[in-house]
Amino acid sequence: MALLTVENLEKRFGGLIAVNDVSFEVESGEIFTIIGPNGAGKSTLFKLITSFTRPTSGRVIFEGENITRLPAHVVARKGVVRTFQETTIFKEMTVVENVIVAHHLRSRASSLGFFFNSPLARRDEQEFRESADSIIEILGLETVRNEQARNLPHGYLRELGIAIAMAAEPKALLLDEPFSGMNPEETDRVVDMVRGIRDRGITILLVEHDMRAVMRISDRILVLNFGSMVALGTPSEIQTDKAVIEAYLGREDDELGI
Amino acid sequence: MEQVIVNSLILGMNYALIALGLTLIFAIMNVLNFAHGQMYVLGGFITYYALQVLHLPFVVGLVASVVVLVLVGLLSERLLFRRAIRVSTREESTMLLAAGLALLLESLILLFFGEKQRGMPPIISGVYQVFGVYIPAGRAFVFAIALASLIGFVTFMQFTRPGRALRAIAQDKEVTALQGVNINRYGALGFGLGAGLTGLAGSLLATIFAVNSGLGTAVSIKAFIMVMLGGAGVVSGAIAGAFVLGFLESFGYAYMPGSVTYMLIFAGMIIFLVFRPQGIMGKPWG
Amino acid sequence: MSSVAKGTRRGVGAPNRAVSIRIVLGVFLIVYLIVLPSYFAESRYILRVITTASVLSFISLGVWLTFTIGRINIGQGAFALIGGYATAILSTKFGVSFWVCLPLSGLIAGLTGIIFGLGILRLKGVYFAMITLSLTEAVRLGFLSGGDFTGGAPGISNIPLPDELGLFGITLIPDFGKVDTHIAFYYLAAVLLILGLAVIWRISSSRLGWIFKSLQQDEELSRSVGINVARYRVMAYAICCFYGGIGGAFFTVSQQSIYPSVFGVLDSLFFILYCFLGGLAFVAGPIVGAFLLFILFELLHEFQQYQQLIYSLLMISIMLWLPNGLLSLRLPAAFWRSRNIRD
Ligand SMILES: Nc1ncnc2c1ncn2[C@@H]1O[C@H](COP(=O)(O)OP(=O)(O)OP(=O)(O)O)[C@@H](O)[C@H]1O
Ligand SMILES: [Mg+2]
């Protein structure tokens, strides 16, 4: 059974149909990428899957459970966690504090427990710190560990965003343009990082414009245009798909990497 | 009934001037002007002083109110808000600064004009009768001036160069600054205009309702209600909010005690905003 | 493991600093609880000023907590009124003892806060500021038009002083009417403030504080990692309102009366001002701010009609030249450093 199933999802903003009758399945352990021109509805699709906005119609099924109308934080608890297209971090905290705070879902102590610093709360804190350190190590953020997030160089911001999401122990991690604004070397590093995350058993959904990276990393690719599905298949299938080339016609060729 | 409608139109027209001033300052400077009500009161007292103490014609009082308030607005922007916006990024600090300015104006008004309630006879005496409704000439006169000013203001914003620049700044400050528009100068203009508008309203309404030095906070709160109802930073919203409040207030006062009326208005507004936080005309945000 | 790393980063001074803080705190407590009340025992006016400043600080602590979730709350006056009327009505109409009224008033204010908060906390920034300000007015008008139940404009008077609180025949707190009332209220205020500060300090330094801080910085991001944003912001707001309610109950019983205009928009603004003057980054900020400004305001009494004028000029100066609060001044850091060197 597929890990995540999207059924006939539709989102309208007034007259505009941002996502139009989109259906697909994502298998466990996959890197599933969504591409499409600006405004195709990729980010909106991510927001729908993670319940940050309500769909006009359609369903999202995760591990056999309908999660369509659950509040966003409950969806996160089920294991579906997103990052943001724009840089989104807790600016007035250090890197390690960012990651520690994001461990919220793993805490076993109650609010009162935190208040009275119960043994459980202390154990939580200890675990969060250790786990945060290991996430920071995995993502290679040790050098900026105690840096104030707002002072971080641009290259680290995306990675911090991913580290925050990782802290929530996702089963499916939705990354919205994690390579944007990076030079090729940085991209290569983050591509490896994303692979590493997948190898730890986390299913990846990816939105990305960098075709070179997309073609290398993806198991399957979904192409959206004006909210509708244009094609769905492996990288090699997509590169030769007529409809895709048509949808991108008039755009720079290198964008598809062919 | 018709009488109440006429009253609410007159009220709404003047409230629109107050709300426009507040919304303009908010849109241009991102400052919530807590001193707005005190500026209104100052406008009212200047007109009162010109007419009743110096025995000058009404036009002089009206012009004096507007001119003084424009100056007050310009000075506050130049001496206070410009610096506060520069040294602090928190919006609370300009808010508290405006509250400080409100206290300052209120105590100055108290020192100069005393604490007595001040009223004056209508500018024009007589009563018109239109379709069986009695309209005191003084009120019709106030309505006409307010309407003319409103049209003047909207025309200014719509068709003149500075007006267009102001609207552009309200839309997007950074982009407008990049296009070479001097934001500081327009901040001052916005603040001056905003204060002038509320001074004008104060001057006009003083001829109907009288003023006293303690009125400021209540007027500020009314201005906030209008701007919230209509949608903050939006010209059409300010006008819509003003007429809605004008109607609610006139009808409420006609059938209920004043405090109950306003309590219901507040309750209604809070519920309304929970479901439509951007107000009647505002754009959805977030 | 990481706490060790933190310690080394801050340098060897860290443990000394903790000790110094304890010493300073101890000195403060001795002065506050023993020196001041015995020195000014005969000077009721000064006692009353300190008492009032203590409770104003207490109420402002709540407002400070709503700052930590990123909301400008100009509605605290409303909850002080709610708490005040709760105590007034319960004690005069139902004969409930003050020692029951006090926590009950806090709870009633807190519950009201939850109900309002569920709706209005969806608003942010200036919008939240304006709507809470409206709330202050709405609640005042509500009590004004409450008929016999709330006593209209003159409100409710002849509220009894706190009675004796005993347990199994042992007097825990004496009847306020039978001891020096001013001293009794002084200590009640002092205990409230110390407890109130301890609670807020605990909240802000525990994980709850970090969650609140995360809400302040980005609610969407908090939501994305599974934090129940609505729940925690309502929690912070309800605690704030609870503080307001307790403070209101205190003023009601110490004045032995309440009327709708005791807490208005200006008071709500002043609570914010206190937090600001002290410094929003510091738990003690509201206390420093409230004591300084309130005592200053009392001193300005001398100037009579110029009191408000001078006060407003001061307020403006603070916002222009001290936008980050008194405690943000580098003075304390220098103090700690010099100590460490001597050690
Ligand atoms: N909250 C909203 N209200 C109205 N329209 C919206 C909203 N969010 C997105 N849209 C519109 O929906 C369409 C899809 O937007 P979306 O952000 O999903 O595109 P995208 O594929 O992520 O584009 P990009 O590559 O630029 O990130 C766009 O036309 C956008 O303007
Ligand atoms: Mg996008």
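**Note on the interface between chains C and B**

1. Chain C and chain B bury about 3,900 Å² between them, and carbon and sulfur atoms account for 82% of that area. The largest losses of area to chain B on the chain C side fall on Y127(C), M130(C) and L320(C), which together make up 16% of what that side buries. The model is a predicted one, and these values should be read accordingly.

2. In terms of residues, 45 of chain C are in contact with 41 of chain B. Two pairs of chains are in contact, and of these, chains B and C share the most contacts.

3. What polar and ionic links join the two chains? Between chain C and chain B there are zero salt bridges. Three residue pairs are in polar contact, both residues being at pLDDT 80 or more.

4. Four helices of chain C, namely α5 (98-120), α6 (125-144), α11 (265-278) and α13 (307-321), each contribute at least two residues to the side that touches chain B. Which of the helices gives the most to this side? It is α6(C), with 14 residues.

5. The composition of the chain C side that touches chain B is, by class, 33 nonpolar, nine polar and three charged residues. This may be set beside the 82% of the buried area between chain C and chain B that comes from carbon and sulfur atoms, and beside the count of zero salt bridges between the two chains.

6. As to the remaining chain, chain A and chain B are joined by no contact. The closest C-alpha atoms of chain A and chain B lie 11 Å apart.

Key: Residues numbered from 1 in each chain as written. Chains lettered and ligands numbered in written order. Predicted model: local features only at pLDDT ≥ 70, side-chain atom pairs only at ≥ 80, totals over all residues. Heavy atoms only, no water. Contact = heavy atoms within 4.5 Å. Buried area = accessible area lost by both parts, 1.4 Å probe. Salt bridge = Lys/Arg side-chain N within 4 Å of Asp/Glu carboxyl O. Polar contact = N/O pair within 3.5 Å; in protein donor to acceptor, adjacent residues only side chain to side chain. Nonpolar A, V, L, I, M, F, W, Y, C, P; charged D, E, K, R; others polar.
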